[in-house]
Amino acid sequence: MEKTCTEVWKNCLQIIKDNIPSQSFKTWFEPISALKLDGKVLTIQVPSLFFYEWLEEHYVGLLRKTVKKQLGDEGRLEYNIVVDKSSNSGSPYTTNMPSNGNGAEAKMQSMPIPVSINKDIKNPFIIPGLKKLNVDPQLNSNYTFENYIEGDCNRLARSAGYAVAAKPGGTSFNPLMIYGGVGLGKTHLGQAIGNEIKRTMPDKLVIYVSCEKFCQQFVDSLKNNTINDFVNFYQAMDVIIMDDVHNFAGKEKTQDIFFHIFNHLHQSGKQVILTSDKAPKDLAGLEERLLSRFKWGLSADLQIPDLETRIAILRKKMYADGIELPQEVVEYVANNIDNNVRELEGAMVSLLAQSTLNKKDIDLSLAKQMLKNFIKNTTKEISMEYIQKLVCEYFEVPVDMVKSPTRKREIVQARQISMYLSKSHTKSSLKTIGAFFGGRDHSTVIYACQTVEDLIDTDKKFKGYVHDIQKKLKMS
């Protein structure tokens with residue numbers, strides 16, 4: 001009986017999974033699907049050109065050996081690459097895997113030669129009248145990949161950023177747009193890319209500039225009649241990192257000048273990195289032609305970090321400052337400051353200052369007292385919504401699924417524990433609890449609470465789940 005493409009690829013994945021780190025497997029191989037098996041040729045579909053380039057550069061040898069093990073020495077692999085998911089023009093673009101595995105390098109060879117910087121160009125970052133041949137990249141040396149904690153919330157953006165740093169202008173995502181809410185690490189990641197490029201390619205001309213600073217420089221150049229010097233300076237860069245491009249909104253002339261700078265850099269094979277608080281499709285007040293260029297490359301979002309990532313960030317901060325704090329204090333901070341990395345680090349700085357300057361050991365009660373300005377819900381009554389959020393985060397299930405009619409075991413478990421804790425930790429009636437969790441009646445809540453109590457008495461593992469969540473509620 002002949003194997004299907006799905007069976008062959010499943011067997012390949014089993015081998016690959018045993019040979020690479022689990023996180024790499026999750027990021028680069030789980031999104032791939034088998035498309036067809038034509039004789040000895042297996043076709044797999046990858047989500048983007050970025051995936052194709054990354055696999056070709058890092059895993060082509062492993063892929064080739066694995067396919068040959070499943071299909072014999074004549075076994076070959078082809079990629080079906082989704083170039084534009086939003087396109088209505090039929091099937092995705094398909095390309096064969098290069099036999100020499102050097103597809104990305106071949107692409108680099110066809111890039112135009114970068115323009116050289118003119119020594120007479122005026123640098124808008126230095127005091128007028130002073131000449132400086134070396135361009136200061138305006139980067140913060142503390143913003144590095146090493147200091148950037150990876151989690152599910154930022155994995156794609158971080159991986160893309162690292163790929164850009166390895167081959168600026170030589171990947172398919174140019175520009176790289178990094179977007180997300182306040183304090184989630186956009187500036188850190190953008191500057192980390194710049195620092196990595198300067199570390200490995202010191203001759204590259206890299207510049208970091210905020211959108212507001214760029215607009216100010218443009219206005220100054222208009223006043224001083226030095227607009228050509230301003231444009232020439234930015235067009236001479238190899239890498240531009242433009243922070244907070246949403247601030248271009250309403251500034252038509254500045255948008256127009258950046259549009260021309262962007263076009264020159266992109267056509268010259270230079271790298272553009274952008275950060276924004278919104279996705280390109282949600283940016284208002286920007287010209288359509290500029291927005292369309294922002295969408296050319298890869299748009300990667302930064303989400304709110306989960307509990308494990310927040311704890312890892314705190315531990316990294318503690319290690320860097322040579323300070324140790326009790327586990328319960330770290331968990332208290334991570335549980336209560338859950339929407340902003342900047343606030344999370346600020347809270348830790350306050351604790352570290354107290355510990356260092358006063359030579360005191362920080363315990364949980366002192367931490368609660370010190371962090372009242374950071375933690376808004378210290379004295380707030382625990383709500384059903386918060387309980388639901390905590391339980392879903394603990395079991396890694398979507399919040400909206402708990403209120404749905406699904407009978408999947410993990411969802412039912414999260415729902416029943418949420419009802420049990422809502423009855424124990426809030427003043428809500430059974431009817432109110434049932435209504436909150438998807439319009440269920442009070443008898444469903446009674447049954448859920450009884451089920452949880454029975455499992456606590458008979459299932460040691462389940463009892464541990466409930467105990468862990470109750471511990472987190474007490475820290476609230």
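Why does C449 count as buried? Its relative accessibility is 5%, and the cut-off for buried is under 20%. C12 gets the label too, because its relative accessibility comes to 1%. Bear in mind that this is a predicted model. Sticking with cysteines for a moment, the structure holds zero disulfides.

Here are the two cysteines side by side:

| Residue | Relative accessibility | Class |
|---|---|---|
| C12 | 1% | buried |
| C449 | 5% | buried |

Now for the protein as a whole. There are 476 residues, and 47% of them are buried. On the outside, about 25000 Å² is exposed, with carbon and sulfur atoms supplying 49% of that area. The secondary structure adds up to 21 helices and nine strands. As for contacts, take those with a separation of 6 or more: 74% of them link residues 24 or more positions apart.

On to the sheet. Five strands make up an open sheet with parallel pairing, and reading across, the order is β6-β7-β8-β5-β9. At the edges sit β6, covering 206-210, and β9, covering 298-302, each of which pairs on one side only. Going from one strand to the next, the twist averages 15°.

What does β9 pair with in the parallel sense over five bridges? That's β5, made of residues 176-180. If you want a spot to zoom in on, try Y179, whose bridge partner in β9 is D301.

Conventions:
Residues numbered from 1 in each chain as written. Predicted model: local features only at pLDDT ≥ 70, side-chain atom pairs only at ≥ 80, totals over all residues. Heavy atoms only, no water. Disulfide = S-S within 2.5 Å. Buried < 20%, exposed > 50% of the residue type's maximum accessible area, 1.4 Å probe, protein only. Pairing = 2+ DSSP bridges. Helix = DSSP H or I, 4+ residues; strand = E, 2+ residues; numbered from the N terminus. Axes fitted to C-alpha atoms, helices over the stretch in contact; angles between N-to-C directions. Contact = heavy atoms within 4.5 Å. Areas by Shrake-Rupley, 256 points an atom, 1.4 Å probe, with all protein chains shown as cover.
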